[in-house]
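Visitor: Hey, can we go through this structure together? I'm new to this, so plain words please.
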Amino acid sequence: VPMVETPMLVSDQGAAVTFLNWSGAPVARLGVTVKAPFKVNSVRSVKQGAVTFKTENELVKFDLALDAADIVMLKP
């Protein structure tokens, strides 16, 4: 989606993907694919709680409703 920024920070505890929506309008359904450097066992949004996800090799896929900003935690 244009105008959505998604920096990712990785540590030995997992990863945090920050979603910043600069478009000025909410995104009802943002399709997300993340290449994680570890096997992901849980995905959780700071604003929305547990997120349903699926994995394909090292890729993690999920959908996210996004207003202005959110952080999604990926845990091994």
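Guide: Sure. Let's begin with a term: accessible areas come from the Shrake-Rupley method with a 1.4 Å probe. Also keep in mind that this is a predicted model.

Visitor: Okay, so what does the accessible surface of the protein chain come to?
Guide: About 4900 Å². Carbon and sulfur atoms account for 56% of that surface.

Visitor: And how much of the protein chain is buried?
Guide: Buried residues make up 33% of the 76 residues. Here, buried means under 20% relative accessible area.

Visitor: Switching topic: how many helices and strands does the protein chain have?
Guide: There are 0 helices and 9 strands. Going along the sequence, the pattern reads β-β-β-β-β-β-β-β-β.

Visitor: How does the radius of gyration compare with the globule rule?
Guide: The radius of gyration is 12 Å, close to the 11 Å that the globule rule gives for 76 residues, so the protein chain is as compact as a globular protein of that length. The C-alpha trace spans about 35 × 20 × 20 Å along its principal axes.

Visitor: What about contacts between residues at least 6 apart in sequence?
Guide: Of those contacts, 58% join residues at least 24 apart.

Visitor: Cool. Which strands form the open sheet?
Guide: Three of them, in the order β4-β8-β7, with antiparallel pairing. β4 (27-35) and β7 (54-56) stand at the edges with a single partner strand each, so one side of each has no neighbour in the sheet. From one strand to the next, the twist averages 30°.

Visitor: What holds strands of a sheet together in general?
Guide: Strands of a sheet pair through backbone hydrogen bonds, either parallel or antiparallel.

Visitor: Back to this one, then. How many bridges join β7 to β8?
Guide: There are 3 bridges, and β8 covers residues 59-66. In this antiparallel pair, T55 stands opposite V60 in β8.

Visitor: What sits in the loop between β7 and β8?
Guide: N57 is found there. N57 has a positive phi of about 60° although it is not a glycine.

Visitor: Why bring up the sign of phi?
Guide: Because most residues other than glycine have a negative phi.

Visitor: Is N57 buried or exposed?
Guide: N57 counts as exposed, at 77% relative accessibility.

Visitor: Where is M3, and what's its phi?
Guide: M3 lies in the segment before β1 (4-5). Phi of M3 is near 75°, a positive value in a residue other than glycine. M3 is also exposed, with a relative accessible area of 52%, and the cut-off for exposed is over 50%.

Conventions:
Residues numbered from 1 in each chain as written. Predicted model: local features only at pLDDT ≥ 70, side-chain atom pairs only at ≥ 80, totals over all residues. Heavy atoms only, no water. Pairing = 2+ DSSP bridges. Helix = DSSP H or I, 4+ residues; strand = E, 2+ residues; numbered from the N terminus. Axes fitted to C-alpha atoms, helices over the stretch in contact; angles between N-to-C directions. Rg over C-alpha atoms; globule rule 2.2 N^0.38 Å. Buried < 20%, exposed > 50% of the residue type's maximum accessible area, 1.4 Å probe, protein only. Contact = heavy atoms within 4.5 Å.
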